[in-house]
Amino acid sequence: MNFRISRRAFTRILGMAAGVVSLPGLSAAAAGPANPERDSGRHHFPEDFLWGSATASYQVEGAAQEDGRGPSIWDTFSHTPGKTANGDTGDVADDYYHRYKQDIALMKELGLKSFRFSVAWPRIFPTGTGAPNPKGLDFYDRVVDELLKADIQPFCTLYHWDLPQSLQDQGGWESPETARAFAEYAGYISGKLSDRVQHFMTMNEMHSFVEIGYKDGRHAPGLMLDAGRVAQISHNVVWAHGLGVQAIRAHAKAGTKIGLAENVQATTPVIETPEHIAAAAIAMREQNAMYMTVIQEGRYTDAYLKRLGTAAPKFTAEELKTIASPLDFTGLNVYTAAYVRVDDSELGYAMVHPPSSYPHMLSPWLTIGPEALYWAPKLVAQVWKVKDIFITENGCSSADVPDAQGTILDTDRVMYLRNYLTHLQRAVEEGVPVKGYFLWSLLDNYEWADGYDKRFGITYVDFKTQKRTPKLSAAFYKDVIAQNAVV
């Protein structure tokens with residue numbers, strides 16, 4: 001591939017990126033050891049760095065019809081023949097609803113300092129609105145109390161894809177009423193839990209649940225809508241996020257921190273040279289225009305609206321102001337790198353698509369790009385002047401098979417984590433404001449349309465017996481936490 005570019009074009013690219021990203025002449029690694037700790041082979045993190053893990057309600061809880069929980073779109077979708085691998089559902093999953101104390105004990109044994117969980121909206125409001133279900137709230141009260149008893153900080157996600165089915169029946173995210181219902185739900189939960197939970201995230205991966213659920217049809221609710229309807233849904237979702245932020249501010253205890261967990265396209269320079277770095281900074285804004293950019297800036301980029309044309313979403317200035325409601329932190333879910341190169345196009349960059357030979361984990365989409373855990377938080381901090389960042393998800397799938405002794409030697413996952421965490425440490429060492437890391441995931445769990453075939457946990461789960469067995473990766477992560485460093 002020819003990366004040559006005229007001097008005039010290069011100057012224009014740097015000008016477009018001016019004020020957005022500083023362009024280091026050399027990376028920290030290329031410049032030589034930054035401190036003695038690197039010489040010792042250990043890459044240390046700040047003393048107050050939060051090491052955690054993450055799960056999601058429908059993926060682990062089970063108890064789908066217990067204690068007044070209403071159906072979600074994932075209950076409906078997973079029970080529709082042909083929609084999930086092997087017809088798998090989240091009816092039981094990890095049975096975390098009944099085994100949460102056992103699992104929190106596992107967290108404590110690992111040395112986790114924090115834990116990210118999500119609340120199932122249909123447990124609290126079985127039909128999405130109306131009278132709250134006290135048994136649903138009681139479950140999360142008990143979970144939070146147990147976490148605090150184990151000296152583990154709870155981080156709460158309010159929406160991790162399990163929309164109440166009754167709201168979908170009334171239009172789902174195509175309806176502005178769903179956004180208003182989400183705000184009521186967010187205000188209620190934060191008002192009840194913020195006496196013990198200090199960090200709330202409105203939504204998880206808006207990009208994923210909109211694009212895969214409403215455009216591609218591979219996830220719930222399984223729709224394949226045209227570009228205009230999808231664009232309007234994405235707008236309604238970011239508006240719901242903004243309404244949720246305002247509702248949490250209004251109902252939560254003073255000092256509550258509010259953010260989100262978004263899987264930004266982790267734009268990564270294909271080569272670490274100034275022109276490609278500048279192109280990656282521009283791409284961070286443009287590739288994330290419909291979610292992170294509008295949330296951080298309160299506006300859609302001109303290029304995004306131009307690209308959509310008549311399919312662009314309808315919105316008001318007041319809605320944009322709500323969408324940009326100030327956040328206390330930004331959560332980034334980072335799994336893969338989106339490589340970027342400079343080019344002579346109007347945008348000034350081009351995405352570099354991986355060849356068929358590119359290495360990936362068990363999930364074909366999960367290509368290995370550890371540099372993403374350096375560049376994603378670095379560019380987010382520089383492009384939008386974000387002060388506090390958490391890596392709210394990072395991890396990988398593996399073909400985990402117990403050996404004759406029942407041991408799971410997931411050396412591929414250890415390789416993945418070691419490489420990604422090394423790049424994260426590089427970012428932190430350079431002053432990128434990453435305050436914590438949540439490994440996905442504590443447990444093998446229900447992996448949406450992939451069912452139980454793709455295992456992401458550092459703890460092996462026998463889904464027939466619910467027996468938990470820590471893998472080699474659990475021992476690796478435990479050592480990282482204990483040493484506050486990665487080798």
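Started with helix 9 (residues 176-193; helices are DSSP runs of H or I, at least four residues, numbered from the N terminus), where I found Arg-180 and Glu-177 three residues apart, about one turn of the helix. Their side chains meet in a salt bridge at 2.7 Å, N to O (a side-chain nitrogen of Lys or Arg within 4 Å of a carboxyl oxygen of Asp or Glu). Arg-180 counts as partly exposed at 38% relative accessibility (buried is under 20% relative accessible area, exposed over 50%, partly exposed in between, with a 1.4 Å probe and protein chains only).

Note to self: this is a predicted model, where local features need pLDDT of at least 70, side-chain atom pairs count only at pLDDT 80 or more, and totals for chains, interfaces and linings use all residues. Residues are numbered from 1 along each chain as its sequence is written, and side-chain values use heavy atoms, leaving out hydrogens and water.

Next I looked up the salt bridge total, which is 27. Lys-478 pairs with Glu-109, their closest N and O atoms 2.6 Å apart. Lys-478 sits in helix 18 (residues 472-483) and Glu-109 in helix 5 (residues 96-110), so this pair ties together parts 369 residues apart in sequence. I noted Lys-478 as partly exposed at 34% and Glu-109 as exposed at 51%.

Then I checked Asp-444, which forms a salt bridge with Lys-471, closest N and O atoms 2.7 Å apart. Here both Asp-444 and Lys-471 are buried. I also found them in a network of salt bridges that links Asp-400, Asp-410, Arg-413, Asp-444, Arg-455 and Lys-471.

Technical notes
Helix = DSSP H or I, 4+ residues; strand = E, 2+ residues; numbered from the N terminus.
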